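Work through these exercises with the model open beside you. Try each task before you read its solution.

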Amino acid sequence: FAPPAAAAAAAAAAHFRPDQDLLFGRDPLDTPPQPLQSAHSLPAVSRATLEALSKMLWESLNVAVLRERVAVELCADAYVTKLLDLFRQCEDLDDRDGLGHLYDIFKSIFCLGSSQLLDIVLHKDVVLDVVGALEYDEESRRIPDKPPRLAPPQHTQAHDLRHRNFLKTKSSFKQVIPVNDPAILDKIHQNFRALYIKDVILPRVLDDSGFTALSGVVYYNNVDIVNYYVDDNAALSGLFAKLKSASSAQDQDPDRAQDNLDLLRFVVELCNVARALQANAKLRLFQKISELGVHEVCLQAFRHPSPKVQSLGTEIFAHLLQNDLPSVRN
């Protein structure tokens, strides 16, 4: 037998179950998301399980514990590789529903915010297929009774391959100075792919976790890239030797003038990357280029007849003023 007050409290506790507690951001009137049934609950990869897998990943984004567990499972047993094999099969068969589910799956993968998972999907051997899966954004197909004139256009091969086509043929990488470390070269390419996905393909759908994770990949790659150039004396020394030679030449041919612009643009880009790093890494770079004669290069650029060269020299000098003022005073 329980007193009336105790009985009322017990009834209230039974009514407001922990998984419906408003303190955890859930409305008692809402149906709580179904939890994963076991520690290894992701279904085997097949065409029949795509819809269930898409729903499971989407629901896991709202629960931190499930988000972490799903990310770990996706990284195991070549799960992403199997998904990409299935993507190629669906594309060969023009399976629009399957491709739509795969788009939802890979969109959720980026929203999970797992750095380990991002390393897998941004790897040079699979990233084009991942980007291919992200081309099939058919969210509008789920809107009922859409008027015919507003129906999504029929997908053509040229339309479906727009991102892959850009990454394979439209974008180009020019090495102003050689990169002799293959790992650094891979990081440079990975940064380009990560930024393209973040800023071009998924800017509307990335949540804070996905945005932060992709930005983190770029940041830590930039740390390694800047440190590589600071530690590689031959690379930066050769660059500034070419800059001084090109800037002081009076009558440059068009090819040499273009080389000069490319070298200056490289220094500007290196300064832009370093500006976002922590103070120690940033200071190392600016001290290094100061030792190699960046101030002389800026002065030569100011006196150059080309407005483009003058503008680039001004950008470099502005970076010095903001990040290494003592060297400018000296």
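**Exercise 1. Two helices in contact**

Which residues in α15 meet which residues in α16?

Solution. Remember that this is a predicted model.
- Step 1. Find the two helices: α15 spans residues 294-303, and α16 spans residues 307-323.
- Step 2. List the α15 side: V294, H295, C298, A301 and F302.
- Step 3. List the α16 side: V309, Q310, G313, T314, I316, F317 and L320.
- Step 4. Sort the contact residues by class. Eight are nonpolar, four are polar and none is charged.
- Step 5. Add the geometry. The axes come within 8 Å and cross at roughly 145°. The crossing of α15 and α16 is left-handed.

**Exercise 2. One residue of that contact**

Take I316 in α16. Is I316 buried or exposed?

Solution.
- Step 1. Read the relative accessible area of I316: 0%.
- Step 2. Apply the cut-off: buried means under 20%. I316 is therefore buried.
- Step 3. Look at what surrounds I316. Setting aside residues up to four places away in sequence, I316 touches L264, V267, V268, V294 and C298.
- Step 4. Check one of these along the chain. I316 and L264 are 52 residues apart in sequence, yet their C-alpha atoms are separated by 8.3 Å.

**Exercise 3. A second helix pair**

At what angle do α11 and α14 pack?

Solution.
- Step 1. Locate α11 at residues 208-231 and α14 at residues 279-291.
- Step 2. Read the angle: about 35°, with the axes 10 Å apart. This crossing is left-handed.
- Step 3. Name the contact. V226, N227, V230 and D231 of α11 meet A281, R284, L285 and K288 of α14.
- Step 4. Sort by class. This contact has four nonpolar, one polar and three charged residues.

**Exercise 4. One helix, two sides**

Which residues of α2 are buried?

Solution.
- Step 1. The buried residues are L50, L53, S54, M56, L57 and S60.
- Step 2. Look down the axis of α2. The buried residues fall within an arc of 165°, so they line one face of the helix.
- Step 3. Recall the helix repeat. An α-helix has 3.6 residues a turn, so residues three or four places apart point the same way.
- Step 4. Turn to the face away from the buried side. E51 and K55 are exposed there.
- Step 5. Find the packing partners. The buried residues of α2 pack against α3, α4 and α5.
- Step 6. Zoom in on S54. Its relative accessible area is 9%, so S54 counts as buried. Beyond its neighbours within four places in sequence, S54 is in contact with H101, D104 and I105.

**Exercise 5. The nonpolar cores**

How many residues does the largest nonpolar core have?

Solution.
- Step 1. The count is 47.
- Step 2. Pick out the residues with the most contacts inside this core: L74, L83, F106, I109, F110, L122 and L134.
- Step 3. Trace the core to its helices. Among those giving two or more residues are α2, α3, α4 and α5. The largest share, eight residues, comes from α5.
- Step 4. Look for another core. A second, separate one of 39 residues includes I177, C298, V309 and L312.
- Step 5. Return to F106. Leaving out residues up to four places away in sequence, F106 touches V80, L83, L84, V130, A133 and L134.

**Exercise 6. Three loop residues**

Where is D77, and what is the sign of its phi?

Solution.
- Step 1. D77 lies in the loop between α3 and α4.
- Step 2. Its phi is positive, about 55°, although D77 is not a glycine. Most residues other than glycine have a negative phi.
- Step 3. At a relative accessible area of 64%, D77 is exposed.
- Step 4. Now take D94, in the loop between α4 and α5. Phi of D94 is also positive, near 55°. D94 is partly exposed, at 48% relative accessibility.
- Step 5. Finish with G113, in the loop between α5 and α6. G113 is partly exposed at 28%. Among the residues G113 touches are R67 and S209.

Terms used: Residues are numbered from 1 along each chain as its sequence is written. This is a predicted model: local features need pLDDT of at least 70, side-chain atom pairs count only at pLDDT 80 or more; totals for chains, interfaces and linings use all residues. Side-chain values use heavy atoms; hydrogens and water are left out. Axes are lines fitted to C-alpha atoms, for helices over the stretch in contact, and angles run from 0 to 180 degrees between N-to-C directions. Helices (H or I, at least four residues) and strands (E, at least two) are DSSP runs, numbered from the N terminus. A crossing is left-handed if the near helix is turned anticlockwise from the far one by less than a right angle, and right-handed if clockwise. Contact means heavy atoms within 4.5 Å. Ala, Val, Leu, Ile, Met, Phe, Trp, Tyr, Cys and Pro count as nonpolar, Asp, Glu, Lys and Arg as charged, and the others, Gly among them, as polar. A nonpolar core is a set of buried Ala, Val, Leu, Ile, Met, Phe, Trp, Tyr and Cys residues joined through side-chain atoms within 4.5 Å. Buried means under 20% relative accessible area, exposed over 50%, partly exposed in between (1.4 Å probe, protein chains only). The arc is that of the directions from the helix axis to the C-beta atoms.
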